[in-house]
Each structure stands twice: as structure tokens, then as C-alpha cells.
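Here's a quick briefing to read with the model open beside you. It goes topic by topic, so feel free to jump to the part you care about.

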Amino acid sequence: MITGGASGLGLAMALRWAKTGASICIVDRDESRKDEAIKTLQTECKLALFFKADITSDEDIQALKSFTDEKLGNLD
């Protein structure tokens, strides 16, 4: 899981981990770059997910935890 993962440094880190074969969940509050980011990551890994969240929101963090628990299991 990488926050701010739809662009910039976050996307670069996600791509780096994707190249190792890791499953990736990028988290961002802006969905406008979602499709492009996921498409980029899917060229390098089997599973690339997106979750819209504001990490300053406790409610969003709880929803993110539920999502990642369901889709990915334990996170590193």
C-alpha cells in the first residue's frame, strides 16, 4: 500500500515495488489519475488496486484497512 500513489514520487515507489512482483494498492484522494496509474502498474505486477482515501480521515483509514484486509491480507 502506497499513499499518494497515483502520481509523482508515490507512483514511482509503487512502480518500483511492482517490478519486484509485489501486489500493489495505491491510495490517493484524487481519482483523476487512477486509471493511468493502474494501467502503468499492471504492466509490471499481477495485482494493482486503487483506493480513494484521505489519510487524515479516521473513517477513510478504517475503510482502507477493511479493503486491504479483504483484497491483500497482511501488508508489509
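## Salt bridges

There are 2 salt bridges to look at here. Keep in mind that this is a predicted model, so take the distances below as computed from predicted coordinates.

- One salt bridge joins the side chains of K65 and D69, with N and O 2.7 Å apart.
- Why can K65 and D69 pair up along the helix? The two sit 4 residues apart in helix α3 (residues 58–72), which puts about one helical turn between them.
- As a rule, an α-helix runs at 3.6 residues a turn, so residues three or four places apart point the same way.
- Both partners are partly exposed: K65 has a relative accessible area of 46%, and D69 comes in at 41%.
- The other pair is E70 with K71, where the closest N and O atoms are 3.8 Å apart. That still makes the salt bridge cut-off, because the limit is 4 Å.
- In this second pair, E70 is exposed at 63% relative accessibility, while K71 is partly exposed at 43%.

## Helix α1: two faces

- Helix α1 covers residues 8–18, and its buried residues are G10, L11, A14 and A18. Looking down the axis of α1, these buried residues fall within an arc of 95°, so they line one face of the helix.
- Flip to the face turned away from that buried side and you find the exposed residues G8, L9 and R16.
- What sits over the buried residues of α1? The cover includes β1 (2–3), β2 (24–28) and α2 (34–42).
- There's also a nonpolar surface patch of about 350 Å², made by L9, M13 and W17.
- M13 belongs to helix α1 and is partly exposed, at 39% relative accessibility. M13 qualifies for the patch because the cut-off is over 30% relative accessible area.

## Helix α2 and L41

- In α2, the buried residues are A37, I38 and L41. They span an arc of only 95° around the axis, so they end up on the same side of α2.
- On the other side of α2, the exposed residues are D35, E36 and K39.
- The buried residues of α2 are covered by elements that include α1, β2 and β3 (48–52). The cover listed for α1 likewise includes α2.
- L41, in helix α2, is a good residue to click on: its relative accessibility is 0%, so L41 counts as buried.
- Which residues does L41 touch, leaving aside neighbours within four places in sequence? They are L11, A14, L15, A18, I24, I26 and A48. Among these contacts, L11, A14 and A18 are also on the list of buried residues in α1.
- L41 and A12 are 29 residues apart along the chain, with their C-alpha atoms separated by 9.8 Å.

## Cysteines

- How many disulfides are there? The count is 0.
- For C25, the closest cysteine sulfur is the one in C45, and at 11 Å that is too far for a bond. A disulfide would need the two sulfur atoms within 2.5 Å.
- Seen from the other end, C45 is in no disulfide either, its nearest cysteine sulfur being that of C25, 11 Å away.
- Buried or exposed? C25 is buried, with a relative accessible area of 0%, and C45 is buried too, at 9%.

## T68 and G4

- T68 lies in helix α3 and is buried, with a relative accessible area of 2%.
- Apart from neighbours within four places in sequence, T68 is in contact with M1, C25, G73 and L75.
- Where is G4? It lies in the loop between β1 and α1, and G4 is partly exposed, with a relative accessible area of 32%.
- Again leaving aside neighbours within four places in sequence, G4 is in contact with G10, L11, V27 and D28. Of these, G10 and L11 are among the buried residues of α1.
- G4 and D30 are 26 residues apart in sequence, and their C-alpha atoms are 8.8 Å apart in space.

Key: Residues numbered from 1 in each chain as written. Predicted model: local features only at pLDDT ≥ 70, side-chain atom pairs only at ≥ 80, totals over all residues. Heavy atoms only, no water. Buried < 20%, exposed > 50% of the residue type's maximum accessible area, 1.4 Å probe, protein only. Arc of directions from axis to C-beta. Contact = heavy atoms within 4.5 Å. Patch = residues over 30% accessible without salt bridge, like charges linked within 9 Å, V, L, I, M, F, W, Y side chains within 5 Å. Areas by Shrake-Rupley, 256 points an atom, 1.4 Å probe, with all protein chains shown as cover.
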